[in-house]
Structure formats: structure tokens, C-alpha cells
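Reader: Before we discuss this chain, please show me its sequence and model. I will then ask about its fold, its packing and its weak spots.

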Amino acid sequence: MPVKLSDSDVESLLKEIIGTNAFLILKACEVGRTDEEIAKITKLEIPVIRSLLNQLHTEGLITYTREKDEEHNWFKYTWYARKDMIVDVIKHTIEEKIQDLEKELDLETSYMFFACPNRCIKVPFEVAVEYDFKCPECGGDLQPFDNSKIIRKIKHELDANRRLLRRIEKFEKMREKENKAKKRKTKKTKQEKTSVSSKKRTKKQSKTKTSSKSKKKASSKTKTKTKKSKKKK
Ligand SMILES: [Zn+2]
């Protein structure tokens, strides 16, 4: 689903996930741009741009076309932001963060912890028993560790990320609705156009088309049959 990079929600989320410079590059590539054009717009150095373009390409956020420059015998790359991938990338990153936080929370709530007063280690009770309640680093006495503050912090972060995910999902649904409405509109216009042009077509032409269509249908049926018989084997 394509989104606008000028949308403030999308902008703040993307900056957080891919970084400000990568965002600037992506925004510059809303229309196709070469490395040099990106440099002019973003004021970033070419090596920085190339490395960030690689990062964006790996993340699936950018695509390119290349053209051979016959005069210099090199390839000219033109980069395009993949606006249809942005929501997926944002969602995926938040979902991963939520999973990590859930694991952390599970760990913190499932065990009783002991820690060294000199902050060398923090271990579950079972491990503290193995150490005979002595810190293996400094020999200090391991003390019961109150992790309620940590748990509160994880829960807080978890809530914030879940809210963010809901926001993105809501945003996604809204844009999907808009896109569907747009598609319906274009389809309608196309149909109207086709019905006008088909009226103009002669009967003979339409006959030829129907016969070629039925041929196609027959051949596709044969294909399905062969596939099925292969599966049986
Ligand atoms: Zn210690």
C-alpha cells in the first residue's frame, strides 16, 4: 500500500526506524533520482549516500533502474522510493520490538534475581545458589534484587509499542479504503471507455476474438489435466 512520505506519522516513524539521513534520501527519491541529484538535494556526501542506498535497498524500501552511458561506458542508476513497502517495514520493525519486549518481560517476571552490590552481575536465584551467593567477579555477597522498576519500564515500553502498532494498522486500513475507492473509480471509467469502443467494433472482429479465446480455454484445460495427473503420481 503506497503512502505519502509527507505524512507526519510516516515521517516520524521512518526517521526513528531507518534514521534521518536515510529518510532524506528516500524522500528525495519520491520521483526517480540519480546519486548526484540525491547529493544536491540532501547535501550528503556521495559515499554516505551510496551506503544508505544499499541499506534502503536491503530493507526493500528502494528500487532502481540502470541505463548504460555509451559515452563513458558506465551504468547510470536511477533510484525510486518504494512507497508501497513503507508500512510493511514499519510494522515489521515494531512487531519485532514487541516480541523482544515480551521475551524480556517473561524473563523478568519468571525468576527471582540476585545481584552483586558492586553491579558486576545480576543472576536468577538458581544461578546464585550455584555461585554460593558470592559474586564470581569481585567476591561480594549477592543480594536479592528488586526488579519491579525494570518490569514497570518494560510494560511501559510494551504499551507504547502496541499503541504504535494499532496506530499503523488503523492508518493502513484507512489508506487501503482510499486506494480501493480509487481503484473502483478507475475501473468504472475504464469500463465506460471499453463499452464505447466495443460498440464501434465490427461483428467480424468480435467473432475472431471469441474463437481464439475458446482455443485458449481448451489449452488451459489440457494443462490443468496434465498437472493433476502429475500430482497423482
Ligand atoms: Zn561483584
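Author: Two residues are in contact if their C-beta atoms, placed from the backbone, lie within 7 Å. The model is predicted, so local features need pLDDT of at least 70, side-chain atom pairs 80 or more, while totals for chains, interfaces and linings use all residues. Residues are numbered from 1 along each chain as its sequence is written.

Reader: What share of the contacts with a separation of 6 or more joins residues 24 or more positions apart?

Author: The chain has 233 residues. Among its contacts with a separation of 6 or more, the share joining residues 24 or more positions apart is 56%.

Reader: What is the mean pLDDT of the chain?

Author: On this confidence score, which runs from 0 to 100, 83% of the residues reach 70 or more, and the mean is 85. Beyond near neighbours in sequence, one stretch makes zero contacts in the model, and its pLDDT is below 50: residues 209–233. For the chain, then, the mean pLDDT is 85.

Reader: How many helices and strands are there in the chain?

Author: Elements are DSSP runs (H or I, at least four residues; E, at least two), numbered from the N terminus. From that end they run α-α-α-α-β-β-α-β-β-α-β-α-α. The chain thereby holds eight helices and five strands.

Reader: Which elements do the buried residues of α2 pack against?

Author: A residue is buried if 20 or more other C-beta atoms lie within 10 Å of its own, exposed if 12 or fewer, and partly exposed in between. In α2, residues 20–28, the buried ones are Ala22, Phe23, Ile25, Leu26 and Ala28. They pack against α1 (8–18), α3 (35–42), α4 (46–58), β1 (62–69) and β2 (74–81).

Reader: Which element gives the most to the largest nonpolar core?

Author: That core, a set of buried Ala, Val, Leu, Ile, Met, Phe, Trp, Tyr and Cys residues joined through C-beta atoms within 7 Å, has 23 residues. Ile25, Leu26, Cys29, Leu56 and Ile62 have the most contacts inside it. At least two residues each come from α1, α2, α4, β2 and α5 (86–110). With five residues, the element that gives the most is α2.

Reader: Which residues does Leu26 touch, not counting those up to four places away in sequence?

Author: Leu26 is one of the buried residues of α2. It is also among those with the most contacts inside the largest nonpolar core. Beyond four places in sequence, Leu26 touches Leu5, Leu56, Leu61, Ile62 and Ala81.

Reader: At what angle do α2 and α3 pack?

Author: Leu24, Ile25 and Ala28 in α2 meet Ile38, Ile41 and Thr42 in α3. The helix axes are 10 Å apart, and the angle is about 120 degrees.

Reader: Which residues of α5 meet α1?

Author: The axes of α1 and α5 are 11 Å apart. From α1 the residues involved are Val10, Leu13, Leu14 and Ile17, and from α5 they are Ile86, Ile90 and Thr93.

Reader: Is Cys138 buried or exposed?

Author: Cys138 lies in the loop between α6 (125–130) and β5 (143–145). Leaving out residues up to four places away in sequence, Cys138 touches Cys116, Asn118 and Cys120. Its C-alpha atom is 9.9 Å from that of Pro117, which is 21 residues away along the chain. Because Cys138 has 12 C-beta neighbours inside 10 Å, it counts as exposed.

Methods. pLDDT = per-residue confidence, 0-100. Axes fitted to C-alpha atoms, helices over the stretch in contact; angles between N-to-C directions.
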